[in-house]
Amino acid sequence: MDATLRLEEFPQLSEGVVYLDHAGTTLFARRQVDRFTTDITSNLYGNPHTGSTSSQLTSDTIDQVRTRILEHFNTSSDSHSVVFTSGATAALKLVTETFPWTSSDSSSTNATSSADGGTTLEGSVFCYLQDNHTSVVGMREVASSKGATVRCCSPTELWSACSQRGESGDISQSLQSAGPNHLIAFPGQSNFSGYKYPLDWIAECKRGSLDRIFGCSGRWFVALDAASLVGTSSLDLSACGADFVSVSFYKMFGFPTGLGALIARKDALVCLNKTYFGGGAVAAYSATRPFHAQRKLLHEWFEDGTLPFLDIIALRHGFDVLDSLAGGIKKVTEHTLELARYTYDGLISLKHSNGTPMVRCYAETDYSDRRTQGPTIAFNLLRPNSEYVGYAEFQKLASLYKIELRTGCFCNIGACQLYLGLSDDDIRGNFEAGHVCGDDIDMIDGVPTGAVRISFGYMSLRSDADAFLNFLRSNFVDYKLRRTQEEGPSMLENGTCNGATHPVLSQIGLYPVKSCGAMKVSRWEMGPQGLMYDRLWMVVNEAGVPLNQKRVPAMCLIQPSIDLKRRQLTLSTEGSDEISLPLDAEPDADTILEMKNVCADRCQTFDCGDAVADWLSKVLCQRCRLHRQNAKYARRRRTERSDVTGPSTLSLANVDQYLLITEASSADFMKSLPDQPMGALMDRFRANFVVSGPLEPFEEDRWQKVRISGSVFEVTELCLRCRMISIDQMTAGESKVTFRELTSERGSKASFGILMRRVEEESMGDVFVSTDMSVEVIK
């Protein structure tokens, strides 16, 4: 596929986007959704349970899709069934909740003496590989609750167990053996490193190779989590004896999402003990007596309720495009691994000028053999002194370059422990230190809590790999060491900042429309939510999602102004007539109130009308509308800090009522940006208060309470910055260097400024603030 064809088929990759998260989800092609849209608008597909003509068409099409799935995996309905689920996770959950577990108790009659004098468990065993997705690890809770013995095996342990072939029987003997049922689950391909685990393990496990190490006997079933594997590799189920195989189709086709399957051997599926039944799963039942008869086809018994039939119909167009556009799964495997090997070779060759490696890759292979390796690369970056660069710091910089990738542990804590050397105590300790899955705490005591992952799909190009490697060379070779602030007494504590030399409030800014331009004032009233009218309006897209400068940089060029005498808000921008709207509009009985999310808080807003919506749509070149916060619905954000006294009542601001920065910190940061004018730099930080005076750089990071004239403000937390500070507020142009230097100087959280709430009960006097007011640090 060349660049022209890719842009035609994948317009979502226009504007320089480098997409490297195909292990998360691959992308759908234009022709794929076009053909699907034509299909469902040209044919009438009814509910498959209805029995009408349109219903029969749906049922017949679903049957064909099941056959297509089995053909793709080189098997047929003679031996396998396709049970549609919401994804691989739901498939695994179905298996573990219906598996015929037998309770284990080594202290009772469930344990007997073996011939060699050891103890043999008579109950079920659930074994899972340490390198497994969270969805597999979660199976252990169900197994344990049913009385099964749960064991986690490292790859080394499983390699060893499956290498002792001469000590195990054949599969036919294992299938006929008496005793409890056991289950082992492992991935076809690690979603962390891309390593492909040997499918030969399946036969060895079913022969009883695990009996010796677990002290058990009975029949072993194998669950293969193939979600990561089948996105770019083939899986031959005629040669692979896995009893249960879980897949998610968005990993293969990008669309539809929320659809997966359990592909199960029929001789294993009949062993599952399903009790609940929903619509379509039974042939007959009595509502008043405990009688029901399940349907004859196995997959029908395991599919409760109406299937997502349009999503299933979409799958055939995914298979068609995989063949016509990608050239089939074998070519996908070859193409993606070639790109991965090229990138891997580039990564391990990167060095700092002192000769130390820049990248630490977490890999089991050299990416040369498609039988053992998939197109996924996990790594962390190193500084010249071999300290780690935090993955959150890395991801924020990557987003500046429109590089889409994944960071963290990728829902695979076990692999994180294996590759990063984290113990169980480390995992618990990190949690107690505040780290949870998906957050930005990427380093604790100098040790990474996760990694960076890139992965390729059939539409990936060599130019994607080159863009990524060039990004690393440009930004991380000889990546400077982070400057740290020396802890010690501040100038205020030394008594050198008193009397006329106290810091003063030098600038006041409010932002009536969230993410639009600033309105700078010399005196302004404070209200219960912050500065009056600050971030009381926001622009939303057609879906009702709030827009911001990260998505639409031109928003900063919209200049709001408030006329308190005329009670009007006016919006203006160069090249357009201005538009005004009432400052104090309130919803009436006919107004539709809508709930919106701002930083995970629920806010109630109402639409400001078609006139301003048309004006904004024209200015921003996309359909959008202006919403105003409903003053009668209180938005309250409760901080997690125990030393903050209470909740804040908020406008549509992201985190808290007020944002304060200091000129001292700005001037210090300017040393990294010698060509940046001081005023333009401070504008990027979009503060409500700017404080001038004899302060130490970043001294405000340690403040707890501040008094401005008679008002007392409590510091709630540091302001963590995003790539929005890279946008020039005067031109809407984006400079990557600003955010890059801030993350270098301030670490992965990239903090600059402090967030505050006004403490009403401690404040006295005027509710107005004005420039030149004294600023006192209380503690």
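**Exercise 1. In which loop does Phe698 lie?**

Solution. This is a predicted model, in which local features need pLDDT of at least 70, side-chain atom pairs count only at pLDDT 80 or more, and totals for chains, interfaces and linings use all residues. Residues are numbered from 1 along each chain as its sequence is written, and side-chain values use heavy atoms, with hydrogens and water left out.

Step 1. Phe698 is found in the loop between β35 and β36 (705-708). Strands (E, at least two residues) and helices (H or I, at least four) are DSSP runs, numbered from the N terminus.

Step 2. Although Phe698 is not a glycine, its phi is positive, about 65°. Most residues other than glycine have a negative phi, and most peptide bonds are trans.

Step 3. With a relative accessible area of 6%, Phe698 is buried. Buried means under 20% relative accessible area, exposed over 50%, and partly exposed in between (1.4 Å probe, protein chains only).

**Exercise 2. Describe the backbone at Arg567 and at Pro256.**

Solution. Step 1. Arg567 has a phi near 55°, a positive value in a residue other than glycine. Its place is in the loop between β26 (559-563) and β27.

Step 2. The relative accessibility of Arg567 is 32%, so Arg567 counts as partly exposed.

Step 3. Pro256 is in the loop between α11 (250-253) and β10 (260-265). The peptide bond that leads from Phe255 to Pro256 is cis, with omega near 0°.

**Exercise 3. Work out how β27 and β28 are arranged.**

Solution. Step 1. Strand β27 (residues 568-572) pairs with strand β28 (residues 579-582) in the antiparallel sense, over four bridges. Two strands pair if DSSP finds at least two bridges between them.

Step 2. Opposite Gln568 stands Pro582 in β28.

Step 3. The two strands, β27 and β28, form a hairpin with six residues between them. In the turn, Gly575 has a positive phi of about 90°.

**Exercise 4. Which strands form the open sheet of three strands, and in what order?**

Solution. Step 1. The order is β24-β23-β39, with antiparallel pairing.

Step 2. β24 (530-531) and β39 (768-770) are the edge strands, each pairing on one side only.

Step 3. Between β23 (residues 523-527) and β24 there are two bridges, in the antiparallel sense. Met526 stands opposite Leu531 in β24.

**Exercise 5. Classify two of the aromatic pairs.**

Solution. Step 1. The structure holds 36 aromatic pairs. Rings of Phe, Tyr and Trp (its six-membered ring) pair if their centres lie within 6.5 Å; planes under 30 degrees apart count as stacked, over 60 as edge-to-face and the rest as tilted.

Step 2. Phe249 and Phe253 have ring centres 6.5 Å apart and planes at 0°, so this pair is stacked. Phe249 and Phe253 are both buried.

Step 3. Tyr658 and Phe689 also form a stacked pair, at 5.3 Å centre to centre and 15° between the planes. Tyr658 lies in strand β34 (residues 658-662) and Phe689 in strand β35 (residues 689-692), so the pair ties together parts that are 31 residues apart in sequence. Both Tyr658 and Phe689 are buried.

**Exercise 6. Which charged ends sit over the rings of Phe410 and Tyr342?**

Solution. Step 1. The criterion is that NZ of Lys or CZ of Arg is within 6 Å of the ring centre and within 35 degrees of the ring normal.

Step 2. Over the ring of Phe410 sits the charged end of Arg453, 4.9 Å from the ring centre. Over the ring of Tyr342 sits the charged end of Arg462, 3.6 Å from the ring centre.

**Exercise 7. Describe the largest cavity and the second largest pocket.**

Solution. Step 1. On a 1 Å grid over the protein atoms alone, a cavity is a set of points where a 1.4 Å probe fits but cannot get out, and a pocket is an open set with protein on both sides within 12 Å along at least five of seven lines; lining residues have an atom within 4 Å of a point. Grid points are joined across faces, edges and corners, and a volume is the space filled by probe spheres set on the points.

Step 2. The largest cavity holds about 140 Å³ of space. Its lining has 16 residues, and His22, Ala23, Ser228, Gly231 and Thr232 lie nearest the centre.

Step 3. The second largest pocket has a volume of about 870 Å³. It is lined by 33 residues, with Asn412, Ile413, Gly414, Ile427 and Cys437 closest to its centre. α18 gives the most to this lining, five residues.
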